[in-house]
Amino acid sequence: MMLFNRDRDRPWKFTLATLLFLIIAFYIKTQNAYVDFLDSSIVDVIQKNQPGWKTLLYRGVTSLAEPKLAIIWVLILAFFLWGFKFKVPALWCLATLAGGDVLATIVKDVVKRARPSAHLAIDDGFSFPSGHVFGTFLIVAMIWIILIPMIMTVWKAWLVRIILIIWLALVMISRVYLNAHFPTDTFGALLLGYLWLQCAEGLYIRFAPVMQKWPFLKRSEI
């Protein structure tokens, strides 16, 4: 039994996510007024109250979601998967994050959206899509589809799912709260992460059985 099952709806999921992402990217690239209005409306809600504890919380969240730290989290995940004979899934996790980072970087360079005017100096580079949200989404997805099915107790599995959803939401909010990104940067990151995940899962289904025959992966679960 493979880690991922063949999904007849995958092409539709990929196509829909891609279309939505391209629409958002296009409107951002052309500096559409509706996008500006949507962003400013959401920013007003998120930044309405800024007590010290909330700022401290979101700074902590965004620090733990750093793209550089995402590499470490995935390395740790891959290390444990490899140790438990899930060698092919371990390599898939590493390749998915690496390929995703390349894709996100290309999109940033194509859209070239400037960050919010009040952003911190540490938040350099282009704004769309959010690297923090993109990396977090991929890590959450890896845990969701690889580790959660291994949890035998139903309520524990759902508890982990809820925690993952809350964490992803906190990362998205923190990037807007700290003026690092516009809200549409975070939505775009989710869509880009989802369409890339569909590609990565499709590639896994195609190549995992082949990789399992390689000498150093022969005893790997797939």
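This is a short talk on the overall fold of one chain and on three places in its backbone.

Good morning. A word of caution to begin: the model is predicted.

Let's start with the fold. How many helices and strands does the chain have? Eight helices and zero strands. Going along the sequence, the pattern reads α-α-α-α-α-α-α-α. The radius of gyration is 19 Å, and the globule rule gives 17 Å for 222 residues. Those two values are close, so the chain is as compact as a globular protein of that length. Along the principal axes, the C-alpha atoms fill a box of roughly 55 × 35 × 30 Å.

Next, packing. Take the contacts in the chain with a separation of 6 or more. Of these, 77% join residues 24 or more positions apart. Buried residues account for 41% of the 222 in the chain.

Now the surface. The accessible surface of the chain is about 12800 Å². Carbon and sulfur atoms hold 71% of that area. What about charge? The chain carries 22 positive side chains and 13 negative ones. The centres of the two sets are 10 Å apart.

On to the backbone. Some background first. Most residues other than glycine have a negative phi, and most peptide bonds are trans. I have three places to show you that depart from this.

Place one is a peptide bond. Which bond is cis, with omega near -5 degrees? The one from F128 to P129. Look for P129 in the loop between helix 5 (87–111) and helix 6 (131–147).

Place two is Q31. Its phi is near 55 degrees, which is positive, and Q31 is not a glycine. Where does Q31 sit? In the loop between helix 1 (10–29) and helix 2 (33–46). Is Q31 buried or exposed? Exposed: its relative accessible area is 65%, and the cut-off is over 50%.

Place three is N179. Here phi is about 65 degrees, again positive in a residue that is not a glycine. N179 lies in the loop between helix 7 (154–177) and helix 8 (183–211). How much of N179 is accessible? Its relative accessible area is 21%, so N179 counts as partly exposed. Buried would need a value under 20%.

To recap. The chain has eight helices and zero strands. The bond from F128 to P129 is cis. Q31 has a positive phi, and so does N179. Both of those residues are in loops between helices.

That's my part. Thank you.

Notes. Residues are numbered from 1 along each chain as its sequence is written. This is a predicted model: local features need pLDDT of at least 70, side-chain atom pairs count only at pLDDT 80 or more; totals for chains, interfaces and linings use all residues. Side-chain values use heavy atoms; hydrogens and water are left out. Helices (H or I, at least four residues) and strands (E, at least two) are DSSP runs, numbered from the N terminus. The radius of gyration is taken over C-alpha atoms; the globule rule is 2.2 Å times the number of residues to the power 0.38. Buried means under 20% relative accessible area, exposed over 50%, partly exposed in between (1.4 Å probe, protein chains only). Contact means heavy atoms within 4.5 Å. Accessible areas come from the Shrake-Rupley method with a 1.4 Å probe; for residues, only the protein chains shown count as cover. Lys and Arg count as positive and Asp and Glu as negative; His and the chain ends are not counted. The place of a charge is taken as NZ of Lys, CZ of Arg, CG of Asp or CD of Glu.
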